[in-house]
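Visitor: I am new to protein structures. Could you walk me through this one, a question at a time?

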Amino acid sequence: MTPPLNILLVRVSSLGDVLHNMPMVADIARHFPDANIDWVVEEGFVSLVRMNARVRNVIPFALRRWRKSLGKPETRAEIKSFFRTLRLQEYDYVFDTQGLLKTGIIMGAARVVKGGRKVGLANGSEGSGYEGISRIFHNLSIPTDPRTHAVARGRIVAGAALGYPVDTPADFGLPAVPDDTPRPEWMPESYAVYFHGTARDAKKWSAENWIALGRELAPMPILLPWGSPKEKAEAERIAAGLPNARVLPKLSMADAIMVARRASLVIGVDTGLVHIAAAFVRPTVEIYADSPRWKTEGNWSPRIINLGDQGTPPSVAEVLAAARSLLG
C-alpha cells in the first residue's frame with residue numbers, strides 16, 4: 001500500500017496572496033485524497049488558513065515581527081523554534097509559490113524524503129515581486145505565462161509537479177457560516193460592507209463616490225471597517241455623509257473575515273478582504289482603479305462582478321447597477 005503524500009505549501013503573505021493560494025489545497029486533495037498538507041504562513045494570516053479543513057498543520061512564520069527585534073534573545077529563540085518545527089516532518093513535495101528569497105530559505109530548510117521534490121516558480125508574473133534567486137532552492141521550477149491569474153498560478157505549479165490537469169473552477173475550501181453563529185452587537189442581520197481602504201492611494205475610490213453610492217443604497221445599513229488611523233479617518237468622512245453608515249471598531253483579522261463572509265453585499269477596491277468575500281462567494285463588486293484586473297479578478301462565480309481596470313476606475317452608476325443586480 002502506497003503511503004499518503006506529505007506536502008508542504010510555503011506562501012507566507014500577503015492576505016490576498018495567501019487567499020489566492022488556497023485552491024491548490026482542494027486540487028491536491030481531489031487527486032490525492034489521503035495527502036497530508038501543511039502550510040507555512042505569516043502569523044497574522046493563520047486564522048484564515050485554519051479555516052480550510054484540508055490543511056493538517058499551519059506553521060506560523062513571524063518575520064514581520066521578528067525583524068523589529070532580531071537582537072533580542074527571545075526573538076532568536078522563536079526563530080530557532082520555527083525552524084525546528086519546520087524540520088519535524090519529511091515531505092514528498094515542498095511548494096514555494098511566492099518566489100521570494102525569504103520563502104526560498106524556508107523551502108531550503110524544509111526536509112524532503114529521498115527523491116522528494118522542492119518545486120517553485122521558474123518566473124514571475126507581470127508586476128510581481130518575484131526574486132529570481134529563489135530558484136536556487138528548487139529542484140523543479142515550473143514556468144507560467146507572465147499574465148497568469150493569481151489563483152491559477154499556484155494551481156498550475158502543483159498540477160505540473162503532481163501530474164494532474166487544472167480543469168475545474170477554483171475551490172477555496174472555506175466553510176459556510178453556521179446559522180446559529182452569534183453576531184456582535186454592531187452587526188445587523190442584513191448589511192453592505194465597504195472595503196474602501198488600501199495601502200496605495202491610487203487604488204482607492206473617492207469618498208464622494210462612496211457617499212453617492214451609499215445614498216442610492218439607503219436604507220440598507222453600510223458597515224465601514226478600517227485598518228489604520230488614516231483609513232479610520234476616511235471611514236469617518238464617508239459615514240458623515242451617510243445616515244445609514246457605521247464606522248466599525250478596530251477588528252481582528254478573524255472578525256474582519258466574519259464581516260466579509262456574512263455580508264449581503266460587499267463593495268470594495270482591489271484588496272485582500274474583498275478577495276476573501278469573493279472566495280466565500282458573497283455578492284461582491286470588485287472595483288479596479290490602479291491595478292490590472294486580469295491579475296486578481298473574481299472569475300469563479302456570477303455572484304462576483306469586476307469593474308474598472310488599471311487607470312480606468314468605474315463610475316458610481318456602474319457600481320450601483322452591479323450592486324442592484326447582485327441584490328436581485
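**A helix on a sheet**

Guide: Let us start with helix α11 (residues 272-279), which lies across β7, β10 (265-269), β11 (284-288) and β12, and runs at about 145° to β11. Helices (H or I, at least four residues) and strands (E, at least two) are DSSP runs, numbered from the N terminus. Contact means heavy atoms within 4.5 Å, and angles run from 0 to 180 degrees between N-to-C directions, with axes fitted to C-alpha atoms, for helices over the stretch in contact. This is a predicted model, where local features need pLDDT of at least 70 and side-chain atom pairs count only at pLDDT 80 or more, while totals for chains, interfaces and linings use all residues. Residues are numbered from 1 along each chain as its sequence is written, and side-chain values use heavy atoms, leaving out hydrogens and water.

Visitor: Which strands stand at the edges of the sheet with the order β9-β8-β7-β10-β11-β12?
Guide: This open sheet has six strands with parallel pairing; two strands pair if DSSP finds at least two bridges between them. An edge strand has a single partner, so one side of it is left without a neighbour in the sheet. Those strands are β9 (245-247) and β12 (304-308).

Visitor: Which residue in β8 is the bridge partner of V193?
Guide: Strands β7 (residues 192-195) and β8 (residues 222-224) run parallel and are joined by two bridges. In β8, the partner of V193 is L223.

Visitor: What order do the strands take in the sheet that holds β3 and β6?
Guide: Here β3 (55-61) and β6 (140-142) are at the edges, each with a single partner strand. The sheet is open, has six strands and parallel pairing, and its order is β3-β2-β1-β4-β5-β6.

Visitor: How far apart do the C-alpha centres of domain 1 and domain 2 lie?
Guide: The protein chain is divided into domain 1 (6-162) and domain 2 (192-327), with bounds from an automatic or database domain assignment. Their C-alpha centres lie apart by 29 Å.

Visitor: How many salt bridges are there between domain 1 and domain 2?
Guide: About 1300 Å² is buried between them, with 72% from carbon and sulfur atoms; buried area is the accessible area (1.4 Å probe) that two parts lose on being put together, summed over both. A salt bridge is a side-chain nitrogen of Lys or Arg within 4 Å of a carboxyl oxygen of Asp or Glu. Between domain 1 and domain 2, the count of salt bridges is zero.
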